[in-house]
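The following briefing is meant to be read alongside the sequence and the coordinates. Please keep both in view while going through the points, which are grouped by topic.

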Amino acid sequence: PRGLKLRHCKPILTLSSKGFPTDRCSIRRVPADRNTAENFLILQVDTKMEKVPMTRQGLDTLEEEFKRLRNEERPAVIKAIAAAREHGDLSENAEYHAARERQSFIEGRLAELEDVISRADVIDVSKLSGNVVRFGANVMVADEDTDEEITYQIVGTHEADLDQGRLSVTSPLARAMIGKTVGDSVEVNTPRGPKGYEICDVKFK
């Protein structure tokens, strides 16, 4: 931005794993507070036209994280930076640098969460029905090689967690299943080669 002296700023670039075209990026300055001398630069991406499909549970989780970071962790790290400054030479102050790195993460994550939450398109899964796989569905599949059964819920990218059985709608398996119904088979490519699954059940709850 015009008039911004970069030599007084600490750059923090926040990007998703997808990457974005530069003509849709902008830089926002986070002013220094009374306990920190440095400003922050956060790279933001203009994605206002792109809605983010999400379940209500997923949105609630992101909003809780945003509030925790803003109301608890941000003030706490500011205090930690102030306390570390009192220890003297900052160039060899491990506590100070650790706190600054934590602050960098918090500010970047807050910017990311603010963007995602503002674009959230909440899908009310409880109002959906049928046996066709779509966003929000709980899908039981069987490995065609081992007959092992596992259930996934197809959710938004920002709420996916395989350990909890929450499968991103952009994942290869979810993309292969969308539009399919009970009894259909799908195939996905894995590092070990193609793998087949049969759709055994579809529920919305």
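In the hairpin formed by β6 and β7, where five residues lie between the strands, Asp147 adopts a positive phi near 70°. The model is a predicted one, and the angles, distances and accessibilities below should be read as properties of that prediction. The protein contains three helices and ten strands, and along the sequence these follow the pattern β-β-β-β-α-α-β-β-β-β-α-β-β. Of its 205 residues, 38% are buried.

**The loop between β6 and β7**

- Asp147, which is located in the loop between β6 and β7, is not a glycine and nevertheless has a positive phi of about 70°.
- Most residues other than glycine have a negative phi, and most peptide bonds are trans.
- Asp147 has a relative accessible area of 62% and therefore counts as exposed, since the cut-off for that class is over 50%.

**Strand β6 and its two neighbours**

- Strand β6, which covers residues 138–143, is largely enclosed by the rest of the structure, because five of its six residues are buried.
- On one side, β6 runs antiparallel to β7 and is joined to it by five bridges; within this pairing, Val141 has Ile150 in β7 as its bridge partner.
- β6 also runs antiparallel to β10 (residues 193–203), and six bridges join these two strands.
- Two positions illustrate the register between β6 and β10: Val141 stands opposite Ile199 in β10, and the bridge partner of Val139 in β10 is Val202.
- Val141 thus has a partner in each neighbouring strand, namely Ile150 in β7 and Ile199 in β10.

**The five-stranded sheet**

- Five strands make up an open sheet in the order β8-β7-β6-β10-β9, and the pairing within this sheet is mixed.
- The edges of the sheet are formed by β8 (166–168) and β9, each of which pairs on one side only.
- From one strand to the next, the twist averages 45°.
- Strands of a sheet pair through backbone hydrogen bonds, either parallel or antiparallel.

**The β9–β10 hairpin and Thr190**

- Strand β9 (residues 185–190) pairs with β10 in the antiparallel sense over six bridges, and the hairpin that joins β9 to β10 does so through two residues.
- Among the facing positions of this pair, Val188 stands opposite Lys195 in β10, while Thr190 has Gly193 in β10 as its bridge partner.
- Is Thr190, a residue of strand β9, buried or partly exposed? Its relative accessibility is 30%, so Thr190 counts as partly exposed, the class that lies between the limits of 20% and 50%.
- Thr190 and Pro172 are 18 residues apart along the chain, and their C-alpha atoms are separated by 9.2 Å.

**The nonpolar core**

- The largest nonpolar core consists of 20 residues, and the members with the most contacts inside it are Val139, Leu173, Met177 and Ile199.
- Two or more residues of this core come from each of the elements β6, β7 (149–155), α3 (172–177), β9 and β10.
- Helix α3 gives the most to this core, contributing four residues.
- Two of the residues with the most contacts in the core, Val139 and Ile199, also appear in the pairing of β6 with β10, where Val139 has Val202 as its bridge partner and Ile199 stands opposite Val141.

**The α1–α2 helix pair**

- Two packed helices are described by the angle between their axes and the distance between the axes.
- Helix α1 (residues 56–85) packs against helix α2 (residues 94–118) at an angle of about 155°, and their axes are 9 Å apart.
- Because angles over 145 degrees count as roughly antiparallel, α1 is roughly antiparallel to α2.
- The crossing by which α1 passes α2 is left-handed.
- Classified by residue type, the contact between α1 and α2 has 16 nonpolar, one polar and twelve charged residues.

Note on methods:
Residues are numbered from 1 along each chain as its sequence is written. This is a predicted model: local features need pLDDT of at least 70, side-chain atom pairs count only at pLDDT 80 or more; totals for chains, interfaces and linings use all residues. Side-chain values use heavy atoms; hydrogens and water are left out. Two strands pair if DSSP finds at least two bridges between them. Axes are lines fitted to C-alpha atoms, for helices over the stretch in contact, and angles run from 0 to 180 degrees between N-to-C directions. Angles under 35 degrees count as roughly parallel, over 145 as roughly antiparallel, 65 to 115 as roughly perpendicular and the rest as oblique. A crossing is left-handed if the near helix is turned anticlockwise from the far one by less than a right angle, and right-handed if clockwise. Ala, Val, Leu, Ile, Met, Phe, Trp, Tyr, Cys and Pro count as nonpolar, Asp, Glu, Lys and Arg as charged, and the others, Gly among them, as polar. A nonpolar core is a set of buried Ala, Val, Leu, Ile, Met, Phe, Trp, Tyr and Cys residues joined through side-chain atoms within 4.5 Å. Buried means under 20% relative accessible area, exposed over 50%, partly exposed in between (1.4 Å probe, protein chains only).
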